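Thanks for coming. I will go through some strands and then some side-chain contacts, and I will keep it short.

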Amino acid sequence: MSRFPWLLARWPSSALSLLLLSVVGRQMGLEVVQAIVCSRLDPEVLQNVYAMAFAVEEINRNNTLLPGVKLGYRIFDSCGRYPWALQAALSLVAGDEHSSGGQPVPLLIGDATSTTTIFLSRILGPLSVPFISYLSSCPCLSDKIKFPNVFRTIPSDIYQARAMAQLAIRFGWTWMGAVVDNSDYGLFAIQAFQKETQGKGVCLEFIETVHRETIESDARRVALTIQASTARVILIFCLYIDVKTIFLELAKINVTDRQFLASEAWSTNNDLLRNLAISKVASGVLGVAIRSSTIPGFENYLRRLHPIRNPDDDFLQEFWENEFGCTSLSPCSGTESLEGLHNPITDTSQLRVTYNVYLAVYAAAHALHSLLSCPDTDSSPGNNSSTCSSPKNIKSIELLQHLNNLHFSTPQGEMFYFQGGDAPAKYDLVNWQNTPEGSLKLVLIGRVDGFDLHLNQSAGQWSNGSNQVPTSVCSESCPPGTRVANRKGEPLCCFDCIPCADGEISNQTGSLHCERCPLEFWSNAKRTACIPRQLDFLSFNETLGITLSTAAVSGTVVTTAVFVVFLYYRQTPMVRANNSELSFLLLLSLKLCFLCSLVFIGRPSVWACRFQQAAFGISFVLCVSCLLVKTIVVLAAFRSARPGAEALMKWFGPGQQRGSVCLFTSIQVIICATWLSLSPPVPQRDLGFQGSKVTLGCAMSSVVGFSLVLGYIGLLACTCLFLAFLARKLPDNFNEAKLITFSMLIFCAVWVAFVPAYVSSPGKYTVAVEVFAILASSYALLLCIFAPKCFIILLRPEKNSKKHLMAR
């Protein structure tokens, strides 16, 4: 239906001294986008018109508010178009004869959109005409430097975005999508939401914008994006007509498993709630809504409206014709009534935007009351011109100052004031729940008061049809024992969970870092707690200790058996050859070598640490000394067989041989005694090796002492190897030089390999390496030297004769 865009709602009698404008936007149908006229009249918006009229009449009946002064108003329909809104506003503030009866309007109530309010404020800002908007929620309007004349009875979207951010954080929705209107409302709101969630683990997978001019194609694009998205929760900052188009597109492709978070622009829209086509898509919507309130007497006022009683009300005339089907060809009978009619215009159960309009009128009235009230009623107006104005000479700039300091109580007993031009942040939290009829109903499940969010979570119904809050994450929270590892090139909300390293723990869900345990502690198997380290040492009870102990005992038994064999066959040539006394001493020293390895196994103590190294050093020197003397005797015996060298053997008789062994051994005894007296090994807990166990071992307080012990053994071994190598070509049957050479080669190889293995082995394995070296070298000497002899003695007795030994 087409008609002139500025429509007169009511023009009070000429005695009224103040005019108010409400630039009210009606709903535009999609088919009117290319037209220049308005579409159908929205009953919910029309309710806002009558809320203004009701408030004015209520104020005019009040004897205490603006006594002696009556308010008047003009209401214009901008049809949501900026030029029409500007033309209406300019005509009113300029005092156009057709618009305001020739009297300038000092205050405007409007507009319904942030973009129009910004536009009008910038144009009319130099005139200091106050704007009181009931629906412009853009955060940009809080800038009082840019918009000093804008006041609002609706909170800034900053608070709405903060409430939505609190909901996302509270429910763990870290992976979301967003659809916003390509206007100041949508763009500023999503910026505020992102600012509130920055650094709090909430990411937006996508941000899609929609345009009113291309809403059909934009809605299809948005629906496909939502369908392909992995985000389960979608935030929508759009006008309700855009949301309706998007929901219809989602219904076409059967996307019904998304949880929508609604802004106040559509969270309470009855058209969406009653639409059965989108009920499956929109089920469970959680929305931030303009707080609801009641206006006593307003419903009766609406139901008494009738074109007969309001003949100049073109808005009411159009509504009446649309509602009751009246036309010029079929006029209304006059018996039609709004009593008992179920229509959004008479539904006052939840007054939201309507109550904001009501508040705006009362705010204007109280500001005027403050401006017109003189401190001294007996004083003449001329003497109080700075504090008191005349009703016939109201200046907009003075009214602006009083609005800034406004503080009043509404008829419902609510305290109201402007915080920098904005209303206090109060919202309702609403939930769209299913009804048996298949439509949706609006259920109040919480409130927002400033920074505080109060929510009855158990009363909510979600998109999955249950009371269980849906999840929307890119990656599941990392459990205790793991840490977050961000994926390269992806948002922070998308990550992998990496188990904590040994010795580190994380005892909270979603830990960014693993904490290292103190030195005396280690991480448990799940990496969730630090537990005391177990004391660890080479024990007789473990497999390694049992194996080494068995090898040592076996070596001792075998050595004892060889000793018994040699003792039993001590009169045979094989035993008596090459000095049997040194052979028995060598077997005794080998037995000590095997036994000293047992000292290294078990819990270290002060005396065990001192004794084990001394026993090891002395036993091996005694063993190598016997071999060295035997090698020297072999060389001397064959050298003395040469002409002129008969006297050589007198220097290597039995006494000299025993003395040489004692001398070589005494030197090692002196080295060990000096080392143990000055800086002996002591038991010490090794915390340097990062493991679940604390290694208890013997710490070498003096590396020099230990090096001298090993070095002296090595010196004797190398000397023995060298001399045995020189004697390798002597008659085979008469000497053991080759046996000594082979045994000393193995001995030296073992101990050369021992040094790097000892240094690089961790914990108790250092001790195990030394024990292994002792056993390996002892077995090498025992088997290489005595195994061939025992073989001949026990299995080839015919070769155990002087004749065989003397044969070349």
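**Strands, charges and rings**

Let me start with β13 and strand β14 (residues 440-449), which run antiparallel and are joined by nine bridges. Before going further, please keep in mind that this is a predicted model.

The two strands, β13 and β14, make a hairpin with five residues between them. In that turn, glycine 438 has a positive phi of about 100 degrees. Along the pairing, valine 430 is found opposite leucine 444 in β14.

β13 also has a second partner to look at. Strand β10 (residues 286-290) pairs with β13 in the antiparallel sense, over five bridges. Here valine 430 in β13 stands opposite glycine 287. So valine 430 is a useful residue to put on the screen: glycine 287 is opposite, and leucine 444 in β14 is opposite as well.

Is strand β13 largely enclosed or largely open? Strand β13 covers residues 426-434, and seven of its nine residues are buried, so the strand is largely enclosed by the rest of the structure. As a reminder for reading the strand by eye, side chains in a regular strand alternate between the two faces of the sheet.

Next, the charged side chains. How many salt bridges does a search of the whole structure find? The search finds 21 salt bridges. I will show a few of them.

One is between aspartate 271 and lysine 244, at 3.3 Å from N to O. This pair links distant parts of the chain, with aspartate 271 in helix α9 (residues 270-274) and lysine 244 in helix α8 (residues 240-252), 27 residues apart. Aspartate 271 has a relative accessible area of 24%, so the residue counts as partly exposed.

Another joins arginine 258 and aspartate 257, with an N to O distance of 2.6 Å. The two partners fall into separate exposure classes. Arginine 258 has 3% relative accessibility and is therefore buried, given the cut-off of under 20%. Aspartate 257, at 40%, counts as partly exposed.

Then there is arginine 487 with aspartate 496, where the salt bridge is 3.1 Å from N to O. Arginine 487 is partly exposed at 29% relative accessibility, and aspartate 496 is partly exposed too, at 37%.

There is also a network of salt bridges, which links Glu208, Asp218 and Arg221.

Now the aromatic rings. How many aromatic pairs does the structure hold? The count is 28. Such a pair is described by the distance of the centres and the angle of the planes.

Take phenylalanine 247 and tryptophan 266: the ring centres are 5.6 Å apart and the planes are at 80 degrees, so this pair is edge-to-face. Phenylalanine 247 is in helix α8, while tryptophan 266 is in the loop between β9 (259-262) and α9, so the pair ties together parts that are 19 residues apart in sequence. Both phenylalanine 247 and tryptophan 266 are buried. You may recall helices α8 and α9 from the salt bridge of lysine 244 and aspartate 271.

My second ring pair is phenylalanine 566 with phenylalanine 786. Their centres lie 5.4 Å apart with the planes at 75 degrees, so this pair is edge-to-face. Phenylalanine 566 sits in helix α15 (residues 543-568) and phenylalanine 786 in helix α22 (residues 765-795), and the two are 220 residues apart. Phenylalanine 566 is buried at 0% relative accessibility, and phenylalanine 786 is buried at 1%.

Ring pairs also build a cluster, made of Phe54, Phe298, Tyr301, Tyr355, Tyr358 and Tyr362.

Two charged side chains sit over rings. Lysine 144 is over the face of phenylalanine 151, 5.1 Å from the ring centre. The charged end of arginine 610 is over the ring of tryptophan 607, at 5.5 Å from its centre.

The last residue is threonine 348, in the loop between α12 (314-324) and α13 (353-372). Is threonine 348 buried or exposed? Its relative accessible area is 16%, and buried means under 20%, so threonine 348 is buried. Leaving aside residues up to four places away in sequence, threonine 348 touches Gln47, Phe298, Glu299 and Leu302. With glutamate 299 there is a polar contact of 3.4 Å between the side chains. Phe298, another of these neighbours, belongs to the ring cluster I listed a moment ago.

That is what I wanted to show.

Definitions and conventions:
Residues are numbered from 1 along each chain as its sequence is written. This is a predicted model: local features need pLDDT of at least 70, side-chain atom pairs count only at pLDDT 80 or more; totals for chains, interfaces and linings use all residues. Side-chain values use heavy atoms; hydrogens and water are left out. A salt bridge is a side-chain nitrogen of Lys or Arg within 4 Å of a carboxyl oxygen of Asp or Glu. Helices (H or I, at least four residues) and strands (E, at least two) are DSSP runs, numbered from the N terminus. Buried means under 20% relative accessible area, exposed over 50%, partly exposed in between (1.4 Å probe, protein chains only). Rings of Phe, Tyr and Trp (its six-membered ring) pair if their centres lie within 6.5 Å; planes under 30 degrees apart count as stacked, over 60 as edge-to-face and the rest as tilted. A charge sits over a ring if NZ of Lys or CZ of Arg is within 6 Å of the ring centre and within 35 degrees of the ring normal. A polar contact is a pair of N or O atoms within 3.5 Å; within protein, one must be able to donate a hydrogen and the other to accept it, and residues adjacent in sequence count only if both atoms are side-chain atoms. Contact means heavy atoms within 4.5 Å. Two strands pair if DSSP finds at least two bridges between them.
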